[in-house]
Amino acid sequence: MLDLLARRARAEAESWLGEIEGIDLTLTFLRQKRDRTRRLARVAPIHLGMPGMPAPRAHT
């Protein structure tokens, strides 16, 4: 993300408006993804238990 911020600063200094818009959009998506990931990390895992093995069938 730091590289994008540096690229944005350069684009702003050079008045590359389209580049600034694209970088801003990318930064928005990255921040949303980071926030979703952090929210999901706070959700406690669900314990599903240990799977059991079926009892062997008697051969008759």
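User: Why does Asp 35 count as partly exposed?

Analyst: The relative accessibility of Asp 35 is 34%. A residue is buried under 20% relative accessible area, exposed over 50%, and partly exposed in between (1.4 Å probe, protein chains only). The value of Asp 35 lies between these limits, so the residue counts as partly exposed. This is a predicted model, in which local features need pLDDT of at least 70 and side-chain atom pairs count only at pLDDT 80 or more, while totals for chains, interfaces and linings use all residues. Residues are numbered from 1 along each chain as its sequence is written, and side-chain values use heavy atoms, with hydrogens and water left out.

User: What makes the contact between Asp 35 and Arg 34 a salt bridge?

Analyst: The term requires a side-chain nitrogen of Lys or Arg within 4 Å of a carboxyl oxygen of Asp or Glu. For Asp 35 and Arg 34, the closest N and O atoms are 3.7 Å apart, and this value is within 4 Å, so the pair qualifies. Arg 34 is also partly exposed, because its relative accessibility is 33%.

User: How many salt bridges does a search of the whole structure find, and which residue meets Arg 7 in one?

Analyst: The search finds 5 salt bridges. In one of them, the side chain of Arg 7 meets that of Glu 19 at 2.8 Å, N to O. The pair links distant parts of the chain, as Arg 7 belongs to helix H1 and Glu 19 to helix H2 (residues 17-42), 12 residues apart. Helices are DSSP runs (H or I, at least four residues), numbered from the N terminus. Arg 7 is partly exposed because its relative accessible area is 46%; Glu 19, at 33%, is partly exposed as well.

User: How do you know that Glu 12 and Arg 8 form a salt bridge, and where do the two residues lie?

Analyst: Their closest N and O atoms are 2.7 Å apart, which means that they satisfy the cut-off. Both residues lie in helix H1, 4 residues apart, about one turn of the helix. Arg 8 and Glu 12 are also linked with Asp 24 in a network of salt bridges. Glu 12 has a relative accessible area of 48% and is therefore partly exposed; Arg 8, at 22%, is likewise partly exposed.

User: How do you know that the length of helix H1 agrees with its number of residues?

Analyst: The expected span is 1.5 Å times one less than the number of residues. For the 12 residues of helix H1 (residues 2-13) this gives 16 Å, and the end C-alpha atoms are 17 Å apart, so the two values agree.

User: Why is Ser 15 called exposed, and what is its phi?

Analyst: Ser 15 has a relative accessible area of 53%, which is over the limit for exposed, so the term applies. Its place is in the loop between H1 and H2. Ser 15 takes a positive phi of about 60 degrees although it is not a glycine.

User: What makes the nonpolar surface patch?

Analyst: Met 1, Leu 2, Leu 5 and Leu 30 make this patch of about 390 Å². Patches consist of residues with over 30% relative accessible area and no salt bridge; like charges are joined within 9 Å, and nonpolar side chains (Val, Leu, Ile, Met, Phe, Trp, Tyr) within 5 Å. Leu 30, in helix H2, has a relative accessible area of 36%, so it passes the area limit for a patch. Leu 2, in helix H1, counts as exposed because its relative accessibility is 70%.

User: Which residues gather in the patch of positive charge?

Analyst: Lys 33, Arg 36, Arg 39 and Arg 42 gather there, on the surface. Lys and Arg count as positive. Arg 36 lies in helix H2; at 44% relative accessible area it is partly exposed, and therefore it also passes the area limit for a patch.

Notes. Areas by Shrake-Rupley, 256 points an atom, 1.4 Å probe, with all protein chains shown as cover. Charge placed at Lys NZ, Arg CZ, Asp CG, Glu CD.
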